[in-house]
Structures are given as C-alpha cells and as structure tokens.
Amino acid sequence: MNRFLFILLSLGLFLRASAQTFSEGGIVYTQLTDTTVSVTSNANGYTGVVTVPATVEHDGTVYAVRGIDDRAFQACTSLTSVILPEGLTTVGGYAFNQCSALNSVSLPSTLNEIGRYAFNQCTSLRRVALPRGITEIPQGLFYMCISLTNVTLPDGLTAVGRNGFSYCAALASLQLPASCTSLGYSPFNGCGFTKFEVPEGVTLIPAYCFSSCHQLANVTLPATVDSLASCAFQDCPQLTPVSLPASLRGLGKM
C-alpha cells in the first residue's frame with residue numbers, strides 16, 4: 001500500500017476511535033470540543049417526545065449542545081416530537097429521515113444550517129417554522145412530507161433546492177419571500193398548491209417545477225422570468241392559461 005495512503009487511513013481510524021460519545025438522559029452525544037457536543041444516533045433508537053437540552057453535564061463537565069449529527073434520528077419510527085434548544089446551530093443531512101410518526105419539530109432561532117433530506121419522508125409532519133438563519137432550502141428537505149400543511153419561511157431565504165418540497169401533497173399554499181430568487185430542479189412537483197406566486201427576481205422556472213400539481217389553478221410569473229424549462233407545468237389538469245412575461249427568451253416543452 002502506498003505509504004501516504006496508509007498514513008491517511010490510519011489517521012482517519014484514529015480520529016474516529018478518539019471521538020468520545022456518551023449518553024445522558026437517553027440521548028447520545030458526540031464530543032466536538034472540550035465544551036461542545038452534538039446529538040448522535042442511539043443504538044436503541046429514540047421514541048416519543050425528545051427534548052434536547054441546551055447543555056448537558058457528563059463526568060463533571062458541562063457541554064453546550066450545538067448540533068444534530070447526520071442521520072442522528074434516522075428511521076426512528078416511534079419518534080413523535082422533537083424540541084431543539086436555543087444555541088443549537090446545525091441539523092445534519094438525513095437527520096430525521098423516515099421518522100414516519102414525527103408530527104412536531106421545534107427549531108431554535110439560532111439554527112443557521114440544515115442538511116439535505118433532513119426531513120425526508122416524515123409523513124406525519126404537519127407544521128414547520130424555519131428560523132431567520134436559514135437562507136436556503138437544501139435538496140429534498142421536505143421530500144414526501146405528505147401531511148405537511150403549513151411552512152413558515154424566513155425573510156432572507158434566497159433559494160429552494162432540488163426537490164425541496166416534492167410530493168408535499170397536503171401543502172395547499174406556500175409564500176416565498178421576496179429575497180428568494182433561485183429555484184432548483186423540480187422543487188414543487190406533486191404539491192397540493194391551488195395557486196402560486198413566483199417572486200420578482202426569479203429568472204428561471206426549472207424543469208418539472210410544478211409538475212403533477214393536480215390542484216394548481218393559477219400561477220403568477222414575474223417580469224424577470226426569461227426561461228421556462230421543460231415540463232414545468234406537466235400534468236397540471238386544473239391550470240388556467242399562464243401569462244408569460246415579455247422578457248421570456250427560452251421556452252421548453254410544456
């Protein structure tokens with residue numbers, strides 16, 4: 001084996017082995033620094049209502065809880081509610097992936113980073129309020145959250161990523177802030193919208209943007225839109241004619 005590669009592998013194994021984890025109050029933590037920790041996965045899973053504390057004491061040291069690890073609560077199908085503390089700044093990718101019974105989550109005002117597919121297939125989740133520190137909806141954040149009816153988005157949000165709200169079939173309305181000017185591939189396909197207003201500043205309506213929005217009857221496009229990608233309104237049987245802006249230069253297959 002290449003000596004350099006061997007050193008890198010050895011270092012990685014050492015770092016993984018040296019990362020301290022401990023359990024307090026039924027929650028497992030990974031030590032980040034001498035004074036901070038993140039919540040990580042529990043071999044026994046998490047059930048019912050979980051309230052993550054702002055601080056946790058272990059072996060005489062008080063740690064501030066700063067994050068939720070990637071996949072920390074993944075597939076905890078008996079988890080019903082999560083309350084995250086002020087001071088927590090990050091929620092990792094797939095953190096609550098496939099938590100099918102999760103119906104309530106409280107996010108702190110200090111949260112400024114959330115990973116892709118964090119709430120993927122949380123099929124019982126009904127309401128979410130994102131704090132001001134979140135500036136974009138990452139890929140697949142609410143993918144197939146079929147019971148989601150209310151989402152509060154913060155001022156300052158700039159983008160909705162690929163499949164951000166795909167198949168949120170119960171989501172009848174969504175108000176994007178004026179700051180949101182970027183839409184990723186297929187961000188709203190399969191949603192339950194009846195009408196939708198695209199914010200001023202958006203230039204591209206991406207492919208499959210509103211595809212299979214079977215209740216969608218009215219869409220308002222701003223004058224800034226200059227491109228309409230393929231299948232943006234595919235399978236929208238209730239949609240009335242959309243007024244296309246004069247600035248439109250590119251028009252894909254409808």
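Two rings of Phe, Tyr or Trp count as a pair here if their centres lie within 6.5 Å. With that in hand, let's walk through this predicted model.

Start by selecting Tyr46, Phe73, Phe96, Phe119, Phe142, Phe165, Phe188, Phe193, Phe196, Phe210 and Phe233: ring pairs link them into a cluster. The structure holds 18 aromatic pairs.

Now zoom in on Phe119 and Phe142. Their ring centres are 5.7 Å apart and the planes sit at 10°, so this pair is stacked. It ties together distant parts of the chain, 23 residues apart: Phe119 is in the loop between S10 (113-114) and S11 (127-129), while Phe142 is in the loop between S12 (136-137) and S13 (150-152). Both Phe119 and Phe142 are buried.

Keep Phe142 on screen and add Phe165. Here's another stacked pair, with 5.4 Å centre to centre and 25° between the planes. Phe165 comes from the loop between S14 (159-160) and S15 (182-183), so to speak a fresh stop on the chain, 23 residues from Phe142. Phe165 is buried, and Phe142 is too.

Next, pick Arg71 and Tyr94. The charged end of Arg71 sits over the Tyr94 ring, 4.2 Å from the ring centre.

Last stop: strand S5, residues 55-58. Which of its side chains are buried? Val56 and His58 are, pointing to one face, whereas Thr55 and Glu57 point to the other and are not buried. Add S6 (residues 61-68), which runs antiparallel to S5 and is joined to it by four bridges. Look across from Thr55 and you'll find Ala64 in S6. Finish at the hairpin of these strands, with two residues between them, where Asp59 takes a positive phi near 50°.

Conventions:
Residues numbered from 1 in each chain as written. Predicted model: local features only at pLDDT ≥ 70, side-chain atom pairs only at ≥ 80, totals over all residues. Heavy atoms only, no water. Phe/Tyr/Trp six-rings, centres within 6.5 Å; stacked < 30°, edge-to-face > 60°. Buried < 20%, exposed > 50% of the residue type's maximum accessible area, 1.4 Å probe, protein only. Lys NZ or Arg CZ within 6 Å of the ring centre and 35° of its normal. Pairing = 2+ DSSP bridges.
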